[in-house]
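Trainee: Could you walk me through this one? I have not looked at it before and would like to take it step by step.

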Amino acid sequence: SEEEFAKKAGDFQKQVGAGQKKIQDRKSKLDKALATAVGKLRSEIVKIVADIGEKEKLDIVLSRTDVVIVSKELDITQQVLTRLDADLSSVKVTIE
């Protein structure tokens, strides 16, 4: 009957809505966990760059995205990555 169909359709819509909310909540938690992990990485990178900059007496350090052309002698990217791998070989991603 139409009433049964309408009830089943309504129940189905509720299930779909609950499923979508669950997915949205999980995505939100994953995004938060990822942001925290990336924040830890960035913090460690800043420390490493500051340390290398101080040791090599660099006046300025620019992000690779801010530079079009750079001498290989001035590029400290590999040094930073090597130190980062040694100092922070992994970052735990905790999803709450």
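What follows is a set of questions and answers on this predicted model.

Trainee: How far apart are the end C-alpha atoms of α1, and what span should its 54 residues have?

Mentor: Start from the rise of 1.5 Å a residue, which gives an expected span of 80 Å for the 54 residues of α1. The computed distance agrees with that expectation. The end C-alpha atoms of α1 are 78 Å apart.

Trainee: Which residues of α1 are buried, and which element helps to cover them?

Mentor: Buried here means under 20% relative accessible area. In α1 that holds for Ala33, Ala37, Glu44, Ile48, Val49, Ile52 and Gly53. The cover over these buried residues includes α2.

Trainee: Which residues make up the largest nonpolar core, and which element gives the most to it?

Mentor: As background, nonpolar side chains tend to be buried together in soluble globular proteins. Here the largest nonpolar core has 6 residues: Ile48, Val49, Ile52, Ile76, Val80 and Leu84. Two elements, α1 and α2, each give two or more residues to this core. The one that gives the most, with 3 residues, is α1.

Trainee: Let us stay with Leu84. Which residues is Leu84 in contact with, leaving aside its neighbours within four places in sequence?

Mentor: Leu84 belongs to the largest nonpolar core, as does Ile48. Setting aside neighbours within four places in sequence, the contacts of Leu84 are Leu41, Glu44, Ile45, Ile48 and Ser89.

Trainee: Glu44 is in that list. Which side chain of opposite charge is nearest to Glu44, and how far away is that side chain?

Mentor: Glu44 sits in helix α1 and, leaving aside neighbours within four places in sequence, is in contact with Leu84, Asp87 and Leu88. Glu44 is buried yet has no salt bridge. A salt bridge needs a nitrogen to oxygen distance within 4 Å. The nearest side chain of opposite charge is Lys47, at 4.2 Å.

Trainee: How many salt bridges does a search of the whole structure find?

Mentor: One of them joins the side chains of Asp31 and Lys27 at 2.9 Å, N to O. Those two are 4 residues apart in helix α1, so they are separated by about one helical turn. Asp31 is partly exposed, with a relative accessible area of 39%. Over the whole structure, the number of salt bridges found is 7.

Trainee: Arg83 and Asp51 also meet in a salt bridge. How many residues apart in sequence are the parts that this pair ties together?

Mentor: The side chains of Arg83 and Asp51 come to 2.9 Å, N to O. Arg83 lies in helix α2 and Asp51 in helix α1, so the pair ties together parts of the chain that are 32 residues apart.

Trainee: And are Arg83 and Asp51 exposed, partly exposed or buried?

Mentor: Exposed begins over 50% and buried lies under 20%. Arg83 has a relative accessible area of 27%, and Asp51 has 24%. Because both values fall between those limits, Arg83 and Asp51 are partly exposed.

Trainee: What is the N to O distance in the salt bridge of Arg64 and Asp75?

Mentor: Arg64 and Asp75 are both in the loop between α1 and α2, 11 residues apart. Arg64 is exposed at 51% relative accessible area, whereas Asp75 is partly exposed at 28%. Their N to O distance is 2.4 Å.

Trainee: Which residues are joined into one network by salt bridges that share partners?

Mentor: Arg83 and Asp51, the pair already discussed, meet in a salt bridge. Shared partners extend the network to four names: Asp51, Lys55, Arg83 and Asp87.

Trainee: What is the phi of Lys57, just after α1?

Mentor: Most residues other than glycine have a negative phi. Lys57, in the loop between α1 and α2, is exposed at 70% relative accessibility. Its phi is positive, about 55°.

Trainee: Also in that loop is Ser63. Which side chain does the side chain of Ser63 join in a polar contact?

Mentor: Ser63 is partly exposed, at 36% relative accessibility. The C-alpha atoms of Ser63 and Thr77 are separated by 9.3 Å. The polar contact of the Ser63 side chain, at 3.0 Å, is with Thr65.

Technical notes
Residues numbered from 1 in each chain as written. Heavy atoms only, no water. Buried < 20%, exposed > 50% of the residue type's maximum accessible area, 1.4 Å probe, protein only. Polar contact = N/O pair within 3.5 Å; in protein donor to acceptor, adjacent residues only side chain to side chain. Core = buried A, V, L, I, M, F, W, Y, C linked by side-chain atoms within 4.5 Å. Contact = heavy atoms within 4.5 Å. Lys, Arg positive; Asp, Glu negative; His and termini not counted. Expected span 1.5 Å × (residues − 1).
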